[in-house]
Each structure stands twice: as C-alpha cells, then as structure tokens.
Amino acid sequence: MIFASFGIKEKIYIPPRKESYINGLAIVFRDKKFVSLVVAFFFSALVNMGAMFLPYFAKWNCAGVIPIDELCAWLKNTFNVNIQLTSEGLLTPLLQIGSGISYMLSMALVPVFLKKMDKKTLLIGTSVFGIIADIACFVIGVWIVPYNTVAGAVTYTILRFFTNFPIGIMTVLFAAMFSDVIDDIEMRTGRRLEGTVFSFRSLLNKIAIAVGNVLMLAVVDNFGYDADVMSKITNNLAKPLIESTTKASVVGGVNYTTLLNVIFFMLTAFGAVGLILQVIPMLFYKFDEKAQEGKLKAFREEKERREIEELNALAESQKGV
C-alpha cells in the first residue's frame with residue numbers, strides 16, 4: 001500500500017474549506033440540547049474523580065488491616081519469592097481490577113439496554129443506580145462493615161463493582177449523545193461541527209478534573225492530612241491509624257477518624273454528588289431519537305447525492321488542467 005501510493009496524482013483537486021472555531025462554538029451553543037449535554041458532562045467528571053483517592057484509601061484507611069509481614073513470609077517460605085509488599089501496592093491494583101471488570105461489562109451491555117429505552121432514560125436511570133450504590137457503599141463502610149477491617153476491605157472491593165458499573169455506561173452514552181447533537185445541528189445549519197464539539201468536550205473535561213482535584217486535595221489538607229506525621233503514628237503502616245470508624249481518634253490536634261472518613265467519602269459518596277448534579281441538566285435535554293432516525297437517513301442520502309454532483313461538476317471543470 002505504501003509503495004503503491006508513490007506516483008499517484010490526485011485526479012480532482014478539492015479546495016480546502018476554512019472553518020472558524022469561534023464561529024463553530026457560537027453555532028453549537030445556540031443549541032439547547034448541546035448546552036444541557038455540556039453541563040451534564042461537566043458534572044460527570046466529578047463522578048469518578050474520587051478514584052484519585054484510591055491510593056490514599058489503600059495506604060491509610062487500610063493501614064495494618066492486611067498482615068503484610070505474614071504474607072511476605074508465606075510467599076518466601078512457600079515459593080521462595082522475596083517480595084516487599086505494602087497495603088497500598090497490594091490493594092490498589094486489586095481494587096482497580098474489580099472496577100475495571102465492571103467498567104468493561106457495563107459498556108458491553110449498553111446496546112442491550114438501548115433496545116428497551118432511549119439514551120436519556122438510560123443515562124438518568126444509570127445515574128440513580130449510581131447514586132444509591134455510592135451512598136450505600138459509604139454507609140456500609142463506616143457504620144456496618146468498617147473499612148479498616150479485613151471484612152470491610154473485602155466488602156468494599158465487592159461494592160466497587162456496583163459503584164463503577166454506571167461509569168462505563170455513561171462513557172458510551174455521552175459519546176453517542178454528542179454525536180446525535182452533531183447530526184441534528186448539521187441537518188439544521190448544513191455545518192458538520194464534530195471537531196468543534198469533541199475538542200471543546202475534551203477541554204471541558206480537563207478543566208473539570210483540574211479544578212476538582214485542587215478543591216478535593218484542599219479539603220483533605222484542611223482536615224489535617226500530613227503523610228509524614230501519619231507514617232510515624234502507624235509505625236510505617238504496621239498498625240491501623242484509627243481503631244474505629246465511628247470513635248474519635250485525636251492525635252496532635254487532628255481527628256484522624258474524621259480525616260479517614262473524609263477520604264472514604266471522597267472515594268464513595270462524593271460520586272453521588274456528581275451524579276445528582278449531572279441528572280438536573282439532563283431533565284431539560286429534549287431529543288426525539290425515533291423521529292431523528294428517519295430524518296437523518298433522508299438527510300444523508302440527499303447529502304451524498306449533492307456531494308456526488310459537486311465532485312462530478314468539479315471533475316468536469318478541471319478536465320485538461
């Protein structure tokens with residue numbers, strides 16, 4: 001294919017079309033569906049932002065929970081493998097594996113769900129499921145099966161499957177819904193602005209994550225987070241930082257029970273806040289997918305016919321050139 005491309009000359013020269021990014025944004029932001037979708041997408045970045053606290057949870061909330069020294073000794077005696085493990089290094093990938101399986105499975109099930117309902121209904125329903133799962137995970141981890149126990153760590157690992165299930169579905173749905181809006185705008189304006197839409201979406205996602213990360217870390221610092229001090233208290237993570245998730249544990253003026261519960265809240269229930277905020281603008285998203293389907297098919301057929309006519313006319317005008 002590479003060698004065949006050499007020496008080939010274009011038979012028809014198609015003049016490039018210049019598109020203004022600012023003008024493109026002005027067009028898309030006049031569309032109410034796009035605005036609703038953009039606002040919802042901005043808040044969706046908050047949903048999974050708590051995942052940045054997973055290493056914090058594995059390191060501090062689960063400090064001393066897993067008998068790391070005994071596990072290392074067993075590996076050495078049984079398999080003659082000398083590995084220095086940490087709770088953070090062991091738990092973080094284990095927790096990510098469960099959520100990754102949930103993520104992939106939920107994405108694969110989207111076509112099945114869309115046979116029963118439209119995209120908007122599925123997105124709102126998935127968000128409600130996620131809200132319940134995130135809040136339940138926080139309540140269970142603090143008051144029912146404490147996260148700073150072996151049973152609590154195992155329970156949270158299982159619950160992450162359900163809290164991450166909506167993420168894969170929403171990833172697919174947002175991409176599909178933005179594509180729907182692009183098609184609709186093209187039919188009304190004659191301008192195909194997918195580059196404008198998806199580049200702005202990418203920029204918005206980065207802004208939301210950057211702002212969210214700064215705010216979330218500021219919250220944790222405000223509750224007294226200090227890695228050096230916490231390492232000394234736990235004897236380099238050999239023992240738990242707190243004894244109970246419901247009883248205050250104050251050292252040096254810092255309530256570490258509150259601090260660890262805040263980290264766990266950011267990892268779990270904070271996602272529910274993002275989901276609630278995400279649902280609100282989606283209530284104003286009005287789009288008839290069935291009606292759009294028929295219109296889009298006719299529009300594409302007509303567009304293809306016009307493009308063929310334009311190419312033929314261009315070819316005729318360039319004959320002998």
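## Helices and the largest cavity

A helix here is a DSSP run of H or I covering at least four residues, and the helices are numbered from the N terminus. That is how to read a label like α8 in what follows, and keep in mind that this is a predicted model.

Let's start with the enclosed spaces. The count comes to 2 cavities of 30 Å³ or more. The largest cavity has a volume of about 160 Å³, and 16 residues line it. If you want to find its centre on screen, look for Val47, Asn48, Asp134, Thr163 and Leu267, which lie nearest to it.

Which helix gives the most to this lining? That would be α8, with 5 residues. Helices α7, α8 and α11 (256–267) each put in at least two. As for chemistry, the lining of the largest cavity splits into 8 nonpolar, 6 polar and 2 charged residues.

## The second largest cavity

The second largest cavity holds about 40 Å³ of space. Its walls are made by Cys137, Ile140, Gly141, Val145, Tyr147, Gly152, Thr155, Tyr156, Leu159 and Phe264. Once again α8 takes the largest share, here with 4 residues, while α7 and α8 each supply at least two.

By class, you get 7 nonpolar and 3 polar residues in this lining, and no charged ones. Cys137, one of the lining residues, comes up again under the cysteines.

## An open pocket

Now for a space that is open rather than enclosed. The second largest pocket contains about 330 Å³ of space. It is lined by 16 residues, and the closest to its centre are Ser44, Ala45, Asn48, Thr171 and Asn205. Asn48 is worth clicking on, as this residue is also among those nearest the centre of the largest cavity.

Three helices, α3 (32–47), α8 (150–189) and α9 (194–222), each bring at least two residues to the lining of this pocket. The class count for the second largest pocket is 9 nonpolar, 6 polar and 1 charged.

## Aromatic rings

There are 23 aromatic pairs in the structure. One of them is Phe29 with Phe200, an edge-to-face pair with 5.2 Å from centre to centre and 90° between the planes. This pair ties together distant parts of the chain, since the partners are 171 residues apart. Phe29 sits in the loop between α2 (21–28) and α3, and Phe200 in helix α9.

Are the two rings' residues buried or exposed? They fall into separate classes: Phe29 has 36% relative accessibility, so it counts as partly exposed, whereas Phe200 has 17% and is therefore buried. The cut-off behind that call is 20%, with buried meaning under that value. The pair also belongs to a wider group, a single aromatic cluster of Phe29, Phe34, Phe41, Phe174, Phe178, Phe198 and Phe200.

## Cysteines

How many disulfides does the model have? The count is 0. Take Cys62: its closest cysteine sulfur belongs to Cys137 and is 12 Å away, which is too far for a bond. The cut-off for calling a disulfide is sulfur atoms within 2.5 Å. From the other end the story is alike: Cys137 is in no disulfide, and its nearest cysteine sulfur is that of Cys62.

Both residues are tucked away from the surface by the accessibility numbers. Cys62 counts as buried because its relative accessibility is 0%, and Cys137 is buried because its relative accessible area is 1%.

## Two contact points between chain segments

Ser102 is part of helix α6 (residues 87–114). Why is Ser102 classed as buried? Because its relative accessibility is 0%. Leaving out neighbours within four places in sequence, Ser102 is in contact with Phe161, Asn164 and Phe165.

Ile124 belongs to helix α7 (residues 119–144). Not counting residues up to four places away in sequence, Ile124 touches Val279, Met282 and Leu283. For Ile124 and Leu283, the gap in sequence is 159 residues, yet the C-alpha to C-alpha distance is 8.5 Å.

Definitions and conventions:
Residues numbered from 1 in each chain as written. Predicted model: local features only at pLDDT ≥ 70, side-chain atom pairs only at ≥ 80, totals over all residues. Heavy atoms only, no water. 1 Å grid on protein atoms, 1.4 Å probe; cavity = no way out; pocket = protein on both sides within 12 Å on 5 of 7 lines; lining within 4 Å. Points joined across faces, edges and corners; volume = space filled by probe spheres on them. Nonpolar A, V, L, I, M, F, W, Y, C, P; charged D, E, K, R; others polar. Buried < 20%, exposed > 50% of the residue type's maximum accessible area, 1.4 Å probe, protein only. Contact = heavy atoms within 4.5 Å. Phe/Tyr/Trp six-rings, centres within 6.5 Å; stacked < 30°, edge-to-face > 60°.
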